[in-house]
Amino acid sequence: MNSYFGRRYVIAGIFIVFILVLLARLFYIQVVDDRYYLYAQNNVIRRLIQYPARGPILDRNGKIMVENERVYDITVVPKQVKAFDTVEFCKLLNIDKDGFDKRIIKARKYSPYRSSVFEKQISAQQYASFQERLSEFPGFDAVQRPVRTYPDSSAAQFLGYIGEATDAIIKRSNGYYNPGDYVGITGVEKSYENVLRGQRGVRNMLYDSHNVPKGVYANGAYDTAAVAGDRLISSLDTKIQKLGEKLMQNKIGSIVAIEPSTGEILCFVSTPTYDPNLLVGKERGHNAGILYKDPYKPFFVRPIQAYYPPGSSFKPLSALVAMQEGVITPQTIYHCPGYYIAGNRRVKCFHGEVHGDVNLASAVAHSCNGYFDMVFERLVNRMGGGRKTDTAYNNWRNNVAKFGLGSRLHLDLPAENRGNLPKASYYDKMYGKNGWRSSTVISLAIGQGELLATPLQLANIEATIANRGFYYKPHLIKSIGDQRVIRKEYTEKNYVGIDSQYFNPVINGMQNVVEFGTASSSKIPGIIMCGKTGTVEVKNKGDNSVFVAFAPRDNPKIAIAVVVENSGQGATWAAPIASFIVEQYLKGSISKRASGIYPEYYINKNLLPEIPGSPAEKARQRADSLRRVKRDSLKKAAADTAKKQIELKAATNKQAAKTQERSIAMLPKRRDDE
């Protein structure tokens with residue numbers, strides 16, 4: 001009896017353990033491990049992401065700059081893949097067997113039970129052929145996706161490009177983005193990502209075990225529609241944008257043009273540039289690799305990231321600050337002997353030119369360094385110099401900073417740089433406290449030394465002068481969406497603390513720069529343009545050519561800054577290029593100039609420096625090689641000709657000798673008895 005009860009407890013214990021194990025396994029399968037749930041769900045219901053069309057980007061006149069093109073991503077759920085004709089599959093997608101195996105391994109590593117991208121961005125035509133045989137390939141599906149296309153292939157650095165979301169982007173998005181999603185990486189595509197991307201939708205589809213779609217789940221009750229991204233109206237004028245890119249091709253530099261009355265950027269050129277269509281499609285990675293290795297850095301957005309000493313283009317600003325502070329008047333006379341004595345140094349005027357007696361307007365017109373060295377010394381020494389130099393210098397710096405130098409203007413593009421406007425503490429560290437004077441940093445007077453600005457900042461200074469004392473925040477997007485929403489900060493005036501009465505004397509000088517001064521060859525028929533040339537010294541390289549301007553003088557419509565690196569004087573390159581942009585914008589065409597300059601000369605001129613490994617150096621090396629080959633060929637041909645002539649002469653002489661011998665032999669022999 002006791003043994004019976006003992007066996008009963010053993011058997012009951014075995015059943016209890018079995019039931020507990022079974023329950024634990026069921027709990028693990030249904031709660032802990034989601035593999036079986038996903039596998040079962042994918043056999044029945046598939047959530048297909050509906051990618052919205054990204055918002056298009058138009059120029060200020062409604063011309064399309066960026067639009068969308070439909071492509072398809074082929075997706076795979078590895079656990080659902082069964083035996084099929086891989087040769088035919090690879091043929092349809094134009095891939096090889098090794099490529100197929102690599103993609104499958106990658107998909108399995110991501111998840112055997114979740115859908116992931118197998119092949120990206122196949123064309124609509126290629127997808128049509130693939131779709132007809134989709135049921136033959138269990139585990140595979142397709143998702144429609146819009147990608148960008150650029151009709152004019154221009155304004156690449158402004159527009160930016162989109163790319164696959166990185167792990168860091170996915171993490172920052174708090175689950176919004178998934179692997180395989182595309183986001184804005186640079187330019188407007190990045191800064192307006194939340195506006196352009198739209199809202200993704202979901203379509204729940206029923207599939208059977210043979211991977212054949214059986215219709216929409218629950219009649220679409222749980223589906224959500226994709227919402228297209230908002231349209232952006234940019235401030236750019238594509239006509240002058242494309243002209244600017246042509247004028248700057250085969251050169252390093254940038255053009256920024258602003259509408260002073262709104263702060264809207266009309267032209268945003270960064271060169272060397274690239275075709276944005278290269279960063280779309282299957283070859284995107286390959287093309288991007290080539291562009292990243294380009295020694296001329298086409299991805300570098302020079303209008304907001306490059307630093308340049310403003311050079312003489314800084315002089316009008318310096319004069320405005322000096323008049324506001326009361327250290328000069330428009331009638332202040334300075335005698336220029338061709339140099340300026342700063343402390344124990346003699347600082348030359350440009351090329352040592354003697355300007356004689358100059359007032360403010362003539363000093364601006366003829367870019368007299370001595371006049372503005374004098375202005376700077378008066379500003380910094382007006383408190384008596386010595387220990388008060390720091391205070392006076394920082395006061396000068398604060399006045400300059402109000403124009404936007406030394407800080408970001410917060411353009412609606414990522415990665416804008418500040419430039420450099422050093423504080424007195426910087427020089428204290430360099431020279432020691434009280435160890436420097438105005439003469440130590442006299443190069444700042446003419447926009448050199450440690451003073452550095454971006455082309456955007458230079459153009460904004462011109463917009464400020466054009467407006468007689470204020471500027472609107474520069475921006476590249478004019479309005480957002482169908483309602484044409486304009487950001488509030490773009491409608492607010494930013495005053496720089498200079499009384500309006502001081503602008504006319506400076507503007508008179510800037511007008512004279514173009515009328516008969518350093519930029520007289522760039523005068524535009526029928527338009528009064530006020531400008532300032534800059535020839536900026538660069539250590540161990542050629543001078544940077546700089547020109548800033550606005551036009552017309554009254555009720556200005558455009559302010560512009562042009563920088564052409566290492567090309568020479570401001571009047572030689574930057575000023576003519578700027579004048580073509582201004583005239584095209586204001587008149588719609590470019591007229592024949594009295595100076596004889598014409599756009600084609602500047603378009604065709606190659607000023608690219610020879611960087612080791614660069615296209616320019618390779619082209620030069622090829623040209624040199626061809627010249628050497630040609631020279632060697634000519635030498636060889638000449639040598640061959642000379643050799644042939646010698647051989648011919650020798651043959652001729654030999655033949656003549658033989659002929660003579662035959663003639664002698666034919667003569668009658670003389671008899672001894674004769």
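# Exercises on a predicted model

By the rule used here, 23 salt bridges are counted in the chain. The structure is a predicted model. Each exercise below is followed by its solution.

## Exercise 1: a buried salt bridge

Task: state where Glu565 and Arg302 lie, and why their salt bridge ties together separate parts of the chain.

Solution. Start with the contact itself: the side chains of Glu565 and Arg302 form a salt bridge, with 3.7 Å from N to O. The cut-off for a salt bridge is 4 Å, so this pair qualifies. Next, place the residues. Glu565 is in the loop between strand 22 (558-564) and helix 20 (574-587), while Arg302 belongs to helix 12; the two are 263 residues apart in sequence, so the pair ties together those parts. Finally, check the surroundings: Glu565 and Arg302 are both buried.

## Exercise 2: a salt bridge between Arg382 and Glu325

Task: find which elements hold Arg382 and Glu325, and decide whether Arg382 is buried, partly exposed or exposed.

Solution. The closest N and O atoms of Arg382 and Glu325 are 2.6 Å apart, and the two residues form a salt bridge. This pair links distant parts of the chain: Arg382 sits in the loop between helix 15 (369-381) and helix 16, Glu325 sits in helix 13 (residues 315-325), and 57 residues separate them. For exposure, the limits are under 20% for buried and over 50% for exposed. Arg382 has 35% relative accessibility, so Arg382 counts as partly exposed. Glu325, at 25%, also counts as partly exposed.

## Exercise 3: Asp390 and Lys433

Task: classify Asp390 as buried or exposed, and do likewise for Lys433.

Solution. The two side chains meet in a salt bridge, 3.0 Å from N to O. Asp390 is part of helix 16, and Lys433 lies in the loop between helix 17 and helix 18 (455-466), 43 residues apart, so this is a link between distant parts of the chain. Asp390 has a relative accessibility of 10% and therefore counts as buried. Lys433 has 58% and therefore counts as exposed. Elsewhere, Arg54, Arg148, Glu189 and Glu193 are joined into one network by salt bridges that share partners.

## Exercise 4: aromatic pairs

Task: say how many aromatic pairs are counted, then describe the pair of Tyr274 and Phe299.

Solution. The count is 34 aromatic pairs. In one of them, Tyr274 and Phe299 have ring centres 5.0 Å apart and planes at 70°, an edge-to-face arrangement. Tyr274 is in the loop between strand 12 (264-271) and helix 11 (284-293), and Phe299 is in the loop between helix 11 and helix 12 (302-305); they are 25 residues apart in sequence, so the pair ties those parts together. With 7% relative accessibility, Tyr274 counts as buried.

A second pair, Tyr393 and Tyr427, is edge-to-face as well, at 5.7 Å centre to centre and 90° between the planes. Tyr393 in helix 16 (residues 389-401) and Tyr427 in helix 17 (residues 424-431) are 34 residues apart, and their pair links distant parts of the chain. Both tyrosines are buried. Tyr393 and Tyr427 also belong to one aromatic cluster, together with Phe314, Phe376, Trp396, Tyr426, Tyr431 and Trp436.

## Exercise 5: charges over rings

Task: name the ring over whose face Arg197 lies, and the ring over whose face Lys493 lies.

Solution. Arg197 lies over the face of Tyr176, 4.0 Å from the ring centre. Lys493 lies over the face of Phe470, 4.5 Å from the ring centre.

## Exercise 6: a patch and a buried serine

Task: place Leu22 in its helix, and list the contacts of Ser479 outside its neighbours within four places in sequence.

Solution. Leu22 is in helix 1 (residues 2-32). Its relative accessibility is 45%, so Leu22 counts as partly exposed. Leu22 helps make a nonpolar surface patch of about 910 Å², whose other members are Ile11, Phe15, Ile16, Phe18, Ile19, Leu20, Leu23 and Leu26.

Ser479 is in strand 18 (residues 477-480). Its relative accessible area is 4%, so Ser479 is buried. With neighbours within four places left aside, Ser479 contacts Arg231, Leu232, Ile233, Arg484, Val485 and Ile486.

## Exercise 7: the whole chain

Task: state how many helices and strands the chain has, and what share of its residues is buried.

Solution. There are 22 helices and 22 strands. Of 674 residues, 48% count as buried. The accessible surface is about 33,800 Å², with 52% belonging to carbon and sulfur atoms. Among contacts with a separation of 6 or more, 72% are between residues 24 or more positions apart.

Technical notes. Residues numbered from 1 in each chain as written. Predicted model: local features only at pLDDT ≥ 70, side-chain atom pairs only at ≥ 80, totals over all residues. Heavy atoms only, no water. Helix = DSSP H or I, 4+ residues; strand = E, 2+ residues; numbered from the N terminus. Buried < 20%, exposed > 50% of the residue type's maximum accessible area, 1.4 Å probe, protein only. Contact = heavy atoms within 4.5 Å. Areas by Shrake-Rupley, 256 points an atom, 1.4 Å probe, with all protein chains shown as cover. Patch = residues over 30% accessible without salt bridge, like charges linked within 9 Å, V, L, I, M, F, W, Y side chains within 5 Å. Phe/Tyr/Trp six-rings, centres within 6.5 Å; stacked < 30°, edge-to-face > 60°. Lys NZ or Arg CZ within 6 Å of the ring centre and 35° of its normal.
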